[in-house]
Amino acid sequence: MAPRLPDIPSDADFTGYSILVIGATAGIGLENARQYLQLNVSTLYLGVRNLEKGERVKKELLDDPVVKQKNPHADVQIYQVDLASFASIKSFSEKFLEEVKALNIAVLNAGVALLNYIPTTDGLETTFQVNYLSNALVATYLVPLLTSTAKSSGKLSHLAFVSSMMQNVGGFGTKKVIPQEENILDWFSGPTNHALDRYNVTKLLVTAFANELASHINADYIIVNSMCPGLVQTGLDDNMPFFIRYPMKIIRSFAGRSPSEGARALTLATLVGWEGNGKFYSDGHLTPPAAFLSTTEGQKFQRRLWQQTQERLQTIDPNVPIV
């Protein structure tokens, strides 16, 4: 069994905060949203793929007995966004940034786990686009709003990426290194180099991006970090072949955390101070990221990934903010 996550501090209170959770209709995203409401968040934005499902989740959250007792006037708003589509992300960002004038916290939780190579409508491998590049795009859109909110409110903003300790599993960075002349994003987005460890690699990329982003922003205003919620009883494996899906369901049911406990990892990551900027957390504690990222080659890879990601984001949308 996984070690128990620390409790949320008893004095945690999000009164007056505006918080966005993307990937909030099930599992740890749903429970993360519930925790924020139970901790008195004033305005909660949910980023969801399916608006009808989002409305059902909104009702479920507002009908929660603890929420009704402690936070009866909470405002929950639904925004549609599909991380498998850059057009959807751009549409979401335009609408969100036009309508929302303050944002204290953003939790980027959306992710998928697929075994086979499946391209998105943008022509990229789905796990890579959803788990990495789209989260990088969303984060880049949100940085200016998070910064301005911190300046006007006098409170630290937080940008938290959901990653995984699975970034340590697989051959990438040890047995396999991308040649210097290759573009990292092209390497992972096409079918030629697709491998069974794609989910693991995307979580390494997420942590690398979060670490590098943290070095490009002012930690007096925004804290950027990533975290692993651990093995949780969720439907992450639902798109896997049956010979993986069913064994994983059994493993999760016996060894996995409840979604509520797993969600505490997300909430805790948004409660840290400046010391948490550019850090990775697992089991609610500061933890070294993938060993590769701590090597000289790993640091070079991280900077190269950052530069090539910035270039690609400008290609996707020339109006995306430059961080």
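A residue is called buried here when its relative accessible area is under 20%, and that cut-off is the one to keep in mind when strand S6 is selected. This is a predicted model, and the tour starts at that strand.

**Strand S6 and its neighbours.** Select S6 and look at its two faces in turn: Ile222, Val224, Ser226 and Cys228 lie on one side, Ile223, Asn225 and Met227 lie on the other, and every one of these residues is buried. The strand as a whole is mostly covered, with seven of its seven residues buried. Now add S5, which runs parallel to S6 and is joined to it by six bridges; within this pairing, His158 has Ile223 of S6 as its bridge partner. Then add strand S7 (residues 279–282), which also runs parallel to S6 and is joined to it by four bridges, and look for Cys228, which stands opposite Ser282 in S7.

**Strand S2 and its neighbours.** Move next to strand S2 (residues 43–48), where six of the six residues are buried, so that the strand is largely enclosed by the rest of the structure. Thr43, Tyr45 and Gly47 point one way from S2, whereas Leu44, Leu46 and Val48 point the other way. Selecting strand S1 (residues 18–22) shows a partner that pairs with S2 in the parallel sense over five bridges, and here Ser18 has Thr43 as its bridge partner. If helix H1 (residues 27–38) is added to S1 and S2, the three elements make a right-handed β-α-β unit. Strand S3 (residues 75–80) also pairs with S2 in the parallel sense, over six bridges, and Leu44 stands opposite Val76 in S3.

**The nonpolar cores.** In soluble globular proteins, nonpolar side chains tend to be buried together. In this model the largest nonpolar core has 59 residues, of which Phe96, Leu159 and Phe161 touch the most other members. Helix H5 (residues 126–153) gives the largest share of this core, 13 residues. Centre the view on Leu159 and show its contacts, leaving aside residues up to four places away in sequence: they include Ala106, Leu108, Ala139, Val143, Leu146 and Leu213, together with Ile222, Ile223, Val224 and Asn225. A second, separate core of 37 residues includes Leu44, Ala74, Val162 and Val272.

**Helix H9.** Select helix H9 (residues 259–269), in which nine of the eleven residues are buried, so that the helix is largely enclosed by the rest of the structure. Among the buried residues are Glu261 and Arg264, as well as Leu266 and Leu268. The buried residues of H9 pack against H1, strand S4 (105–108), S5 and S6.

**Helices H5 and H10.** Keep H5 and add helix H10 (residues 296–316): how far apart are their axes, and at what angle do they pack? The axes are 10 Å apart and the angle is about 75°, and the two helices are therefore roughly perpendicular to each other. To see where they meet, show Tyr132, Leu133, Ala136, Leu137 and Thr140 in H5 together with Leu305, Thr309, Arg312, Leu313 and Ile316 in H10.

**Thr120.** The last selection is Thr120, which has its place in the loop between S4 and H5. Is Thr120 buried or exposed? Its relative accessibility is 12%, so Thr120 counts as buried. Residues up to four places away in sequence aside, Thr120 touches Ala84, Thr126 and Gln129.

Key:
Residues numbered from 1 in each chain as written. Predicted model: local features only at pLDDT ≥ 70, side-chain atom pairs only at ≥ 80, totals over all residues. Heavy atoms only, no water. Buried < 20%, exposed > 50% of the residue type's maximum accessible area, 1.4 Å probe, protein only. Pairing = 2+ DSSP bridges. Right-handed = clockwise from strand over helix to strand, strands pointing away. Core = buried A, V, L, I, M, F, W, Y, C linked by side-chain atoms within 4.5 Å. Contact = heavy atoms within 4.5 Å. Axes fitted to C-alpha atoms, helices over the stretch in contact; angles between N-to-C directions. Parallel < 35°, antiparallel > 145°, perpendicular 65-115°, else oblique.
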